[in-house]
Amino acid sequence: MTSSSCAICGAKVSPAPRTSCYRCIFCGFKQQPTTSETSSDPYQSLFTSFKDLPALSALQKTPTIALHGLDPAEIDTLPSDGNVAFTALVAESRDNAAIWADMVLPYVPDLSAFFREKFDQLRPGGLLYLSAPVQRPFLRPAPLPGQINFFQPKNIMFLLEQRGFKMAWRKNRFSPTLRIIARRD
Ligand SMILES: [Zn+2]
């Protein structure tokens, strides 16, 4: 991709020569080329994120939560907490009550398309759980293996607002990991 505009705010950016890596001087977002590395232990992060399930249940009672990025066989191995059932997120589905996207954003090549797709996959009022490492003034978490997107918290808020989501819940403002639940209009 040789795009010369920021994936978040659309400002013109100058990627470094021979790479598509850039840091936007306007919104602070940074993107670097996809690598072949993949996350070392996605499940560990997923299980950590499940601590936020009660927050989602408090916002909306839902019998099923669609997990982004896991296939049905992987989901069968997950422990059930009794209150909700997990399903695989079907790309063409259009009526999900809740979508769980733990640590997905750091790896999404096309952020606009991602948020457009999640909006389409949720029913009106449906909930989207997102987590991602974020850069703060005195905090720069070490890159995840294969990470391409490096966000500031405001970058994610901007994308959500732009795509018709409203923030419904947010964990710890000062954590190196942003964890939020957004509601689709
Ligand atoms: Zn920008």
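Which residue in E5 is the bridge partner of Leu 67? Keep that question in mind while you load the chain, which is a predicted model, and begin with the division into domains before you turn to the strands.

**Domains**

Colour residues 1-33 and residues 40-184 separately, since the domain assignment of the chain gives these two ranges as domain 1 and domain 2. If you place a marker at the centre of each domain, taken over C-alpha atoms, the two markers will be 24 Å apart. The contact between the domains draws on 10 residues from domain 1 and 9 residues from domain 2. On the side of domain 1 that touches domain 2, the residues divide into 6 nonpolar, 3 polar and 1 charged.

**The small sheet**

Next select residues 22-23, 30-31 and 149-150, where an open sheet of 3 strands runs in the order E1-E2-E7 with antiparallel pairing. Strand E1 (22-23) and strand E7 (149-150) stand at the edges with a single partner strand each, so one side of each is left without a neighbour in the sheet. E1 is joined to E2 by 2 bridges, in the antiparallel sense, and if you show Arg 23 you will find Lys 30 of E2 standing opposite.

**Parallel strands E4, E3, E5 and E6**

Now move to strand E3 (64-67), which pairs with strand E4 (residues 85-88) in the parallel sense over 4 bridges; pick Thr 64 here, whose bridge partner in E4 is Ala 85. E3 is also joined to E5, again in parallel, by 2 bridges. This is the place to settle the opening question, because selecting Leu 67 and following the pairing into E5 leads to Trp 100 as its bridge partner. Staying with E5, colour the strand by burial: E5 is mostly covered, with 6 of its 7 residues buried. E5 and E6 run parallel and are joined by 6 bridges, and within this pairing Ala 101 stands opposite Leu 130 in E6. Trace the backbone from E5 through H4 to E6, and you will follow a β-α-β crossover that is right-handed.

**The loop between E5 and H4**

Pause on this connection and select Met 103, which has its place in the loop between E5 and H4. Is Met 103 buried or exposed? Met 103 counts as buried, with 22 C-beta neighbours inside 10 Å. A torsion readout is worth opening here, as phi of Met 103 is near 50°, a positive value in a residue other than glycine. For context, most residues other than glycine have a negative phi.

In the loop between E5 and H4 you can also pick Pro 109, which is partly exposed, with 13 other C-beta atoms within 10 Å. Leaving aside the neighbours within four places in sequence, Pro 109 is in contact with Thr 34 and Ile 148. Draw a distance from the C-alpha of Pro 109 to that of Asp 95, and the line will span 25 Å, although the two residues are 14 apart in sequence.

**The largest nonpolar core**

Which residues touch the most other members of the largest nonpolar core? Show Ile 99, Trp 100, Leu 128, Tyr 129, Leu 130, Ala 132 and Ile 156 as sticks, for these hold that place in a core of 38 residues. To see where the core draws its members, highlight strand E3 (64-67), strand E5 (96-102), helix H4 (111-121), strand E6 (122-133), helix H5 (153-162) and strand E9 (177-184), each of which supplies at least two residues. E6 gives the most to this core, with 6 residues. Return to the domain colouring at this point: domain 1 (1-33) and domain 2 (40-184) both give residues to the core, so it lies between them.

Then centre the view on Leu 130 and list the contacts, again leaving aside neighbours within four places in sequence. Leu 130 is in contact with Ala 101, Leu 105, Ile 156, Ile 180 and Ala 182. Two of the names in that list should be familiar from earlier stops: Ala 101, which stands opposite Leu 130, and Ile 156, one of the core residues just shown as sticks.

**A last stop at Arg 173**

Finish with Arg 173, found in the loop between strand E8 (165-170) and E9. Arg 173 is exposed, with 8 other C-beta atoms within 10 Å. A C-alpha to C-alpha distance from Arg 173 to Val 84 comes to 27 Å, for residues that lie 89 apart along the chain.

Conventions
Residues are numbered from 1 along each chain as its sequence is written. This is a predicted model: local features need pLDDT of at least 70, side-chain atom pairs count only at pLDDT 80 or more; totals for chains, interfaces and linings use all residues. A nonpolar core is a set of buried Ala, Val, Leu, Ile, Met, Phe, Trp, Tyr and Cys residues joined through C-beta atoms within 7 Å. A residue is buried if 20 or more other C-beta atoms lie within 10 Å of its own, exposed if 12 or fewer, and partly exposed in between; C-beta atoms are placed from the backbone. Domain bounds come from an automatic or database domain assignment. Two residues are in contact if their C-beta atoms, placed from the backbone, lie within 7 Å. Two strands pair if DSSP finds at least two bridges between them. A crossover is right-handed if, with the strands pointing away from the viewer, the path from the first strand over the helix to the second runs clockwise. Ala, Val, Leu, Ile, Met, Phe, Trp, Tyr, Cys and Pro count as nonpolar, Asp, Glu, Lys and Arg as charged, and the others, Gly among them, as polar.
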